[in-house]
Amino acid sequence: MVADRLVVLPWSNVYGLARTLVALGTAGTLAFSSVDTLFRPVAFTGDFPPCQGATSAAVFCLAEGDRTGLAWLKWLCVVVLLVVASGWRPTLTALPHAYVSYSVFAGIAISDGGDQIGLILSMLFILPALGDPRRWHWQAPPSGAGSRARRGWALIGSSGLLMLRLQMSVVYFNACVAKLPHQEWYDGTAMWYWSTNLSFGAPTWLDAVVRPVVSTSWGVALMTWLPLFIEITLAVALLLPPRVRCAAMWAGLLFHFSIGLMMGLWSFALAMAGGILVLCLPPGTAITRRRTPPAVETTAETVGSTSPRSPARTAG
């Protein structure tokens, strides 16, 4: 049917991998941070988790003030996120994923930006996930749109991923433009301050590589301006040709991997990597393993043999 061909099925392993990366980022924050680090008083803010108003809906408010209870809830959330990351039953895990992401965003004291983008992406993943007919989000999507209900869910899911792509464009546009009024970014020295910062600077094992680069004018300028170029390119990625968009995707993934290595913001890096995949790869695209074509088997001809199609001539 023509209607079936017009519906782009959003249920690919690209969006599945993006869900996995976002869930792993949040799970890592919880698993590798102690209860005393996650839930502690913060100056000018108060105690965490802050269980007042809308934040009282967070799961950690069930054990407010009880450190043992908070530890159990923390590990329960880790288990939920690992189930999400495994790809099992997106329909069943979409809402728990969003709820845990909200609880982390509203309830922990060590916000780094990854919790915020993780919440936004997990909420937008709800729309494609609720109609996802697959048992695992790694599987190939169904062959066609099928019934009217299936086509409806496909349209809803595609709309959710479109909103996610637009959201990522806005995030990168704002990330680039917000830096420009600051002198350190447009004169090319900002990364010297970040790389030598005691909290966000490169770790000791990496400092031996980073320090010589940021100590030269061209090195620090390149490290400062290259992120701006990558961010503005990702901001307009939807308008770029597929090949350029693919290059921007790899540049963005390398950029956020570098942030994870240098600044330790792995939850932020993983969440943004998930968003980049959906932003840069066309809807319905699947990641497949490139297979080498099988070698063509050739039969060696025996010297002196005769072809069945060319009978040998007999000497007369």
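This passage describes the fold, the cysteines and one covered helix of a predicted model.

The secondary structure of the protein chain consists of 14 helices and zero strands. Read along the sequence, the chain accordingly shows the pattern α-α-α-α-α-α-α-α-α-α-α-α-α-α. Of its 316 residues, 41% count as buried. Among contacts with a separation of 6 or more, 75% are made by residues 24 or more positions apart in the protein chain. The area exposed by the protein chain is about 18,000 Å², of which carbon and sulfur atoms supply 66%.

The structure contains one disulfide. This bond links Cys51 to Cys61, with an S to S distance of 2.0 Å. The link of Cys51 and Cys61 is left-handed, with -100 degrees about the S-S bond. Both Cys51 and Cys61 lie in the loop between helix H3 (35-38) and helix H4 (67-86), so the pair ties together parts that are ten residues apart in sequence. In general terms, a disulfide is a covalent bond between the sulfur atoms of two cysteines.

The two bonded cysteines are covered by the surrounding chain to the extent that Cys51 has a relative accessible area of 18% and is buried, while Cys61 is buried at 16% relative accessibility. Because buried means under 20% relative accessible area, the value of 18% places Cys51 in the buried class. Cys77 also counts as buried, with 3% relative accessibility. Cys280, by contrast, is in no disulfide, and the nearest cysteine sulfur, that of Cys246, is 8.3 Å away. A disulfide requires a pair of cysteine sulfur atoms within 2.5 Å, and the 8.3 Å separating the sulfur atoms of Cys280 and Cys246 does not meet this cut-off. Cys280 is itself buried, at 4% relative accessibility.

Helix H6, which spans residues 114-124, is mostly covered, with eight of its eleven residues buried. The buried residues of H6 are Gly114, Asp115, Ile117, Gly118, Leu119, Leu121, Ser122 and Leu124. An α-helix has 3.6 residues a turn, so residues three or four places apart point the same way. The cover over the buried residues of H6 includes helix H2 (13-31) and helix H5 (90-107), together with helix H7 (126-130), helix H8 (148-177) and helix H14 (266-280).

Methods
Residues are numbered from 1 along each chain as its sequence is written. This is a predicted model: local features need pLDDT of at least 70, side-chain atom pairs count only at pLDDT 80 or more; totals for chains, interfaces and linings use all residues. Side-chain values use heavy atoms; hydrogens and water are left out. Helices (H or I, at least four residues) and strands (E, at least two) are DSSP runs, numbered from the N terminus. Buried means under 20% relative accessible area, exposed over 50%, partly exposed in between (1.4 Å probe, protein chains only). Contact means heavy atoms within 4.5 Å. Accessible areas come from the Shrake-Rupley method with a 1.4 Å probe; for residues, only the protein chains shown count as cover.
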